[in-house]
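Work through the following exercises with the sequence and the coordinates at hand. Each task is followed by a solution in steps.

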Amino acid sequence: MTAPWGKGQAWDPLTTFAFEQITVAATAIGPTAATVANALRGVFVVETADVRYRVDSVPTATVGMLLPVGSELTVYGNDVRNITFIRTGGVSATIDACYAR
């Protein structure tokens, strides 16, 4: 029996089930809890302004992993529910997020 995908193509056993836009301002924020309750993967794309994120604690404008505008971040498992973002400057950011299970 052959695989259901062609040679050289990536196989992804997860199915995307939700999308949201997250407005990131001067207070740390994460995904909507009810939306990501059953998520196994989250993909986040940063638009408008740079942000910082953490999955182990709450980021500040100067402490956390930097995600510049245009960056894409993929996280799995509990990190999807635990991630929080904060803007790094005076302009709020928009993050496009999609979730899979």
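The exercises go from the whole chain to one sheet and then to one strand pair.

This is a predicted model, in which local features need pLDDT of at least 70, side-chain atom pairs count only at pLDDT 80 or more, and totals for chains, interfaces and linings use all residues. Residues are numbered from 1 along each chain as its sequence is written, and side-chain values use heavy atoms, with hydrogens and water left out.

**Exercise 1.** Determine how many helices and strands the chain has, and their succession.

Solution. Take helices (H or I, at least four residues) and strands (E, at least two) as DSSP runs, numbered from the N terminus. The chain then has 2 helices and 7 strands. Read from the N terminus, the succession is β-α-β-β-β-β-α-β-β.

**Exercise 2.** State what share of the chain is buried.

Solution. Count a residue as buried under 20% relative accessible area (1.4 Å probe, protein chains only). Of the 101 residues, 34% meet this criterion.

**Exercise 3.** Describe the open sheet of 4 strands and name its edge strands.

Solution. Two strands pair if DSSP finds at least two bridges between them. The strand order is E1-E7-E2-E5, with antiparallel pairing. Strand E1 (16–24) and strand E5 (72–76) each pair on one side only, which makes them the edge strands. On average, neighbouring strands of this sheet are turned by 20 degrees against each other, direction ignored.

**Exercise 4.** Characterise the pairing of E2 with E5.

Solution. Strand E2 covers residues 41–47 and pairs with E5 in the antiparallel sense over 5 bridges. Within this pairing, Gly-42 has Val-75 of E5 as its bridge partner.

Note on methods
Buried means under 20% relative accessible area, exposed over 50%, partly exposed in between (1.4 Å probe, protein chains only). Axes are lines fitted to C-alpha atoms, for helices over the stretch in contact, and angles run from 0 to 180 degrees between N-to-C directions.
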